[in-house]
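Here's a quick briefing to keep beside you while you turn the structure around on screen. Have a look at the strands and helices first, then use the notes below to find your way.

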Amino acid sequence: MTDKKLAIIATKGTLDWAYPPFILASTAAALGYDTQIFFTFYGLQLLKKDVSLKVTSLGNPGMPMPMAMDKWFPVSLQALPGMESMMTAMMKSKMKKKGVPSIEELRGMCLESDVKLIACQMTVDLFDMKTEQLIDDIDYAGATTFFEFAGESDVNLFI
Amino acid sequence: MTDKKLAIIATKGTLDWAYPPFILASTAAALGYDTQIFFTFYGLQLLKKDVSLKVTSLGNPGMPMPMAMDKWFPVSLQALPGMESMMTAMMKSKMKKKGVPSIEELRGMCLESDVKLIACQMTVDLFDMKTEQLIDDIDYAGATTFFEFAGESDVNLFI
Amino acid sequence: MTDKKLAIIATKGTLDWAYPPFILASTAAALGYDTQIFFTFYGLQLLKKDVSLKVTSLGNPGMPMPMAMDKWFPVSLQALPGMESMMTAMMKSKMKKKGVPSIEELRGMCLESDVKLIACQMTVDLFDMKTEQLIDDIDYAGATTFFEFAGESDVNLFI
């Protein structure tokens with residue numbers, strides 16, 4: 001075990017970018033890292049009780065699509081109605097088949113490992129979000145509070 | 001106060017991603033952090049005298065749109081002509097109503113707090129930008145110079 | 001020279017976002033940094049023998065397009081068939097004209113400078129990639145192994 005610390009700022013609100021903060025945080029926690037994730041901007045979506053994140057390959061030509069086919073999908077087709085929902089369903093199916101836990105499961109693993117999840121109060125106010133929309137067991141704080149932890153951390157990641 | 005240091009690499013050039021570097025830098029500076037932001041790639045847009053950044057939800061399904069409605073906007077509608085300008089106007093209006101300073105104001109707060117703003121010389125050359133297009137009170141340097149500061153920093157963030 | 005360490009997590013798979021990890025890593029290595037890049041998620045594309053990355057300005061209004069013209073391109077035009085290929089060709093041509101090495105060249109410079117390139121084993125399995133598709137001279141490991149290095153690094157960047 002270690003006495004190291006990991007501070008993550010999670011700012012993205014899509015299905016694909018929901019994995020890195022939770023996977024990295026749970027991995028670090030398993031190694032004994034004292035870990036905190038500060039959810040701000042679109043990242044606040046990851047703290048919702050009802051996680052209904054979507055994925056899009058628009059603006060993201062690096063995504064193998066469909067994920068197993070490993071070739072590009074014409075951008076003109078990606079803009080078709082319904083494509084976003086289809087891709088989201090495909091990604092979820094792929095993840096499940098490969099044994100990757102869902103976002104809800106990964107988030108639960110983080111909480112069980114004492115990873116501290118913090119909602120950015122300023123963003124909550126900005127987006128007119130209600131605390132009832134977000135899961136329990138989280139803290140609410142500002143960037144100032146978070147810097148106290150980040151300034152002492154061994155690893156800082158802006159995701 | 002603290003003797004800690006924060007080094008930010010700002011690489012995004014959209015309205016929404018312009019906030020994190022300036023908000024985090026001004027917050028850290030207020031806490032006494034010696035702070036530098038290295039603007040490179042698309043991030044160079046944030047140093048323009050005439051900041052005319054846009055926001056798009058394309059490739060960004062995590063963005064509540066309109067921001068207060070907290071529901072998804074069909075990707076096919078987002079590709080319509082004029083949608084980008086409408087969304088940019090909505091975001092600016094929302095920010096103003098909520099009392100969030102504009103990018104120009106946040107940038108000014110950083111300069112007043114002695115945050116060092118550095119334009120990546122290589123990117124300036126690559127994009128054929130003129131120094132007259134960028135605000136005064138900034139430095140021009142390469143990644144090598146920036147690493148001198150980053151290597152001594154307590155917090156490093158790639159935004 | 002220095003005894004400092006740089007740890008990069010490379011997660012993006014587009015042509016434009018392929019530059020930052022390789023440029024920063026090769027710069028740091030030239031300064032004497034012990035440097036590792038952990039390629040995960042879409043970033044795994046950067047390790048392919050046949051690098052055929054694309055760039056899109058969709059979801060990326062910060063990109064000057066064409067890069068020298070420094071003005072915005074209507075999002076509705078960007079969704080036209082063939083636009084992505086045209087933009088990719090334009091970016092490659094621009095980079096070459098300005099003397100910026102190609103991704104393959106930058107990657108080679110990293111390997112020659114003893115930058116350690118690590119493919120995330122979990123993502124390789126998830127995307128059903130074959131090791132034959134990826135370049136030689138790389139390691140395969142999980143996030144746990146990477147944290148051993150990251151936890152000791154002076155600079156950590158999530159790209």
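**Briefing notes**

In chain B, strand β1 (residues 5–10) pairs with β2(B) in the parallel sense, over 6 bridges. Bear in mind that this is a predicted model. The notes start with that pair of strands, move on to chain A, and finish with a helix contact between chains B and C.

**The β1–β2 pair in chain B**

- One spot to find on this pair is B:K5, which stands opposite B:D34 in β2(B).
- Strand β2 of chain B covers residues 34–39, and 5 of its 6 residues are buried, so the rest of the structure largely encloses it.

**Chain A: the overall layout**

- Chain A has 6 helices and 5 strands.
- Going along the sequence, you'll meet them in the pattern β-α-β-α-α-α-β-α-β-α-β.
- Of the 159 residues in chain A, 47% are buried.
- If you take the contacts in chain A with a separation of 6 or more, 74% of them come from residues 24 or more positions apart.

**Chain A: the sheet**

- The 5 strands form an open sheet with parallel pairing, in the order β4-β3-β2-β1-β5 (chain A).
- At the edges sit β4 (139–141) and β5 (155–158) of chain A, each of which pairs on one side only.
- Ignoring direction, neighbouring strands of this sheet are turned against each other by 20 degrees on average.
- Within the sheet, strand β1 (residues 5–10) of chain A runs parallel to β2(A), and the two pair over 6 bridges.
- To line these two strands up, look for A:I9, whose bridge partner in β2(A) is A:F38.

**Chain A: two residues with unusual backbone angles**

- As background, most residues other than glycine have a negative phi.
- A:F41 isn't a glycine, yet its phi is positive, at about 50 degrees.
- You'll find A:F41 in the loop between β2 (34–39) and α2 (75–78) of chain A.
- Is A:F41 buried or exposed? A:F41 is buried, because 23 other C-beta atoms lie within 10 Å and the cut-off for buried is 20 or more.
- A:D114 is another residue other than glycine with a positive phi, this one near 65 degrees.
- The loop that holds A:D114 lies between α4 (103–112) and β3 (116–120) of chain A.
- A:D114 counts as exposed, because it has 9 C-beta neighbours inside 10 Å and exposed means 12 or fewer.

**Where chain B touches chain C**

- Helix α6 (residues 143–150) of chain B and helix α1 (residues 15–30) of chain C have axes that come within 10 Å and cross at roughly 75 degrees.
- That makes α6(B) and α1(C) roughly perpendicular to each other.
- On the α6(B) side the contact uses B:A143, B:T144 and B:F147, and on the α1(C) side it uses C:I23, C:L24, C:T27 and C:A28.
- Sorted by class, this contact of α6(B) with α1(C) has 5 nonpolar residues, 2 polar ones and no charged ones.

**More on helix α1 of chain C**

- α1(C) is mostly covered, with 13 of its 16 residues buried.
- Its length checks out too: at 1.5 Å a residue, the 16 residues of α1(C) should span 22 Å, and the end C-alpha atoms are 23 Å apart, which agrees.
- Just after α1(C) comes C:G32, which takes a positive phi of about 100 degrees.

Technical notes:
Residues are numbered from 1 along each chain as its sequence is written. Chains are lettered from A and ligands numbered from 1 in the order in which they are written. This is a predicted model: local features need pLDDT of at least 70, side-chain atom pairs count only at pLDDT 80 or more; totals for chains, interfaces and linings use all residues. Axes are lines fitted to C-alpha atoms, for helices over the stretch in contact, and angles run from 0 to 180 degrees between N-to-C directions. Helices (H or I, at least four residues) and strands (E, at least two) are DSSP runs, numbered from the N terminus. Angles under 35 degrees count as roughly parallel, over 145 as roughly antiparallel, 65 to 115 as roughly perpendicular and the rest as oblique. Two residues are in contact if their C-beta atoms, placed from the backbone, lie within 7 Å. Ala, Val, Leu, Ile, Met, Phe, Trp, Tyr, Cys and Pro count as nonpolar, Asp, Glu, Lys and Arg as charged, and the others, Gly among them, as polar. Two strands pair if DSSP finds at least two bridges between them. The expected span of a helix is 1.5 Å times one less than its number of residues.
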